[in-house]
Each structure stands twice: as structure tokens, then as C-alpha cells.
Amino acid sequence: MDLSDEIRISAPRDVVYQALNNPEILQECIPGCEELTQNAPDELAAKVVLKIGPVKAKFAGEVTLDTSNAPDGFSLSGEGKGGAAGFAKGGADVTLTEDGDETVLSYTAKVDVGGKIAQLGSRLISGTAKKLSGKFFTRFGEIVSEQSVS
């Protein structure tokens, strides 16, 4: 499944980039995130509880960041395992473009799922993924905009 979107954040690009690399901010923005730890400068580990249709599962996963294009953007890849519920793996490319005092954050992501959650059907999984990414980026935009003003 492929996802893409863009949001406008009322903050300079450097502030947005720093926030995207701040585990505390990310944990607050990720729906269902119980724990987010930075194991290395380019590696995060997370524990997230998600409900996809009738399936609720706790996922444990790791994400690796490629910041070679900083601060214009970065890439990430990761995998999460949810026990009997299945797994999810994928990656995303994030681009940050300055537009005056604001930053346009655009992303494209590819996600593959397996196990019980894969049996739920692509429409339900796709709808849930879009809803979760929307929640993440809405909250992220609010936090970064608030921090930029203060």
C-alpha cells in the first residue's frame, strides 16, 4: 500500500527537521505509542498499540533513519511485529521545503502487512493507515507550530 500527502507547518525548516528527530515529540504524535527510544542517532525502537478493524495488537518495532539529505529531508525504513496479529514493514521519504516562514512537509510511504491484519482487506488497512498518518501529522504540525511561536 502506498501513502502520500503534504502538510504546511508554521515553522522554519530547521525547526521542523529538529522536531522530526526528537523522540519525545514523535512519541506524543504517534497514535497508540507507548514507548519510543533512541538506540542510536539513526535508530529508534517503538512499542505501539493499534486497532485495525476488529484486530487490536501491540507492535514492537525498529526504525532506521537515513539523514544524508538533511535538512531538506530524510528517508526511513522499519518493521514492526504484532505477535499473532501479524507484521508491518515499510519505508518513507520525507521532504521539507521552505516557503517563507513556513515549511511544506511532503511524504511518500510504502507499507506491507502480513498475518491476521493482512486478512482484513486492503480497503480497511488503507483507510486505517491514512487516518493514523493524518492524526500523526496534524498533531506534529500543532506541536511544532506552538514551539515555533514561543
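Which residue takes a positive phi in the hairpin of β5 and β6? The residue is Gly-83, with phi near 60 degrees, in a hairpin that has 5 residues between the strands. The points below place this turn in the wider fold.

1. Status of the model. The structure is a predicted model. The pLDDT averages 91 over the chain, and 99% of the residues score at least 70. By element, the mean pLDDT is lowest in α3, at 88, and highest in β2, at 95.

2. The sheet. An open sheet is formed by 7 strands, in the order β1-β7-β6-β5-β4-β3-β2, with antiparallel pairing. β1 and β2 are the edge strands, each of them pairing on one side only. From one strand to the next, the twist averages 25 degrees. As a general matter, the strands of a sheet pair through backbone hydrogen bonds, in either a parallel or an antiparallel manner.

3. Strand pairs from β3 to β6. The antiparallel pairing of β3 and β4 extends over 10 bridges; here Lys-47 stands opposite Ala-60 of β4. Ala-60 also stands opposite Lys-81 in β5. β4 and β5 run antiparallel and are joined by 7 bridges, while β5 and β6, likewise antiparallel, are joined by 9 bridges. Within β6, Lys-89 is the bridge partner of Glu-79.

4. The connection from β4 to β5. These two strands are joined by a hairpin through 6 residues. Pro-71 is placed in the loop between β4 (55–66) and β5. The peptide bond that leads from Ala-70 to Pro-71 is cis, with omega near -5 degrees. A colleague checking backbone geometry may wish to view this bond together with the positive phi of Gly-83 in the hairpin of β5 and β6.

5. Helices against the sheet. α1 lies across β1, β5, β6 and β7, and runs at about 160 degrees to β6. α3 lies across β1, β3 and β7, and runs at about 20 degrees to β1. Both helices therefore have β1 and β7 among the strands that they lie across.

6. The buried side of α1. Arg-13, Val-16, Tyr-17, Ala-19 and Leu-20 are the buried residues of this helix. Because they cover an arc of only 160 degrees around the axis, they fall on the same side of α1. Among the elements that cover these buried residues are β1, α2, β5 (73–81), β6, β7 and α3.

7. The largest nonpolar core. This core holds 30 residues, of which Ile-9, Val-16, Leu-20, Leu-105 and Phe-140 touch the most other members. Two or more residues come from each of β1 (2–9), α1 (13–20), α2 (23–29), β2 (33–40), β3 (43–52), β6 (87–99), β7 (102–114) and α3 (122–149). The greatest contribution is that of α3, with 6 residues. Beyond its neighbours up to four places away in sequence, Leu-20 touches Leu-26, Phe-74, Val-94, Leu-96, Leu-105 and Phe-140. Apart from this core lies another, of 7 residues, including Val-55, Ala-57, Phe-59 and Ala-85. In soluble globular proteins, nonpolar side chains tend to be buried together.

8. Val-144 as a buried position. Val-144 lies in helix α3. It counts as buried because its relative accessibility is 0%, against a cut-off of under 20%. With neighbours within four places in sequence left aside, Val-144 is in contact with Ile-9, Ala-11, Val-15, Val-16 and Ala-19. Val-144 and Ala-19 are 125 residues apart along the chain, yet their C-alpha atoms are separated by 6.9 Å.

9. Glu-34 as a partly exposed position. Glu-34 lies in strand β2, an edge strand of the sheet. Its relative accessible area of 44% makes Glu-34 partly exposed, since that class covers values between the 20% and 50% limits. Residues up to four places away in sequence not being counted, Glu-34 touches Gln-27, Lys-47, Val-48, Val-49 and Lys-58. One of these, Lys-47, is the residue that stands opposite Ala-60 in β4. From Glu-34 to Leu-132 the C-alpha distance is 15 Å, at a separation of 98 residues in sequence.

Terms used. Residues are numbered from 1 along each chain as its sequence is written. This is a predicted model: local features need pLDDT of at least 70, side-chain atom pairs count only at pLDDT 80 or more; totals for chains, interfaces and linings use all residues. Side-chain values use heavy atoms; hydrogens and water are left out. A nonpolar core is a set of buried Ala, Val, Leu, Ile, Met, Phe, Trp, Tyr and Cys residues joined through side-chain atoms within 4.5 Å. Buried means under 20% relative accessible area, exposed over 50%, partly exposed in between (1.4 Å probe, protein chains only). Helices (H or I, at least four residues) and strands (E, at least two) are DSSP runs, numbered from the N terminus. Contact means heavy atoms within 4.5 Å. The arc is that of the directions from the helix axis to the C-beta atoms. pLDDT is the predictor's confidence in each residue, from 0 to 100. Two strands pair if DSSP finds at least two bridges between them. Axes are lines fitted to C-alpha atoms, for helices over the stretch in contact, and angles run from 0 to 180 degrees between N-to-C directions.
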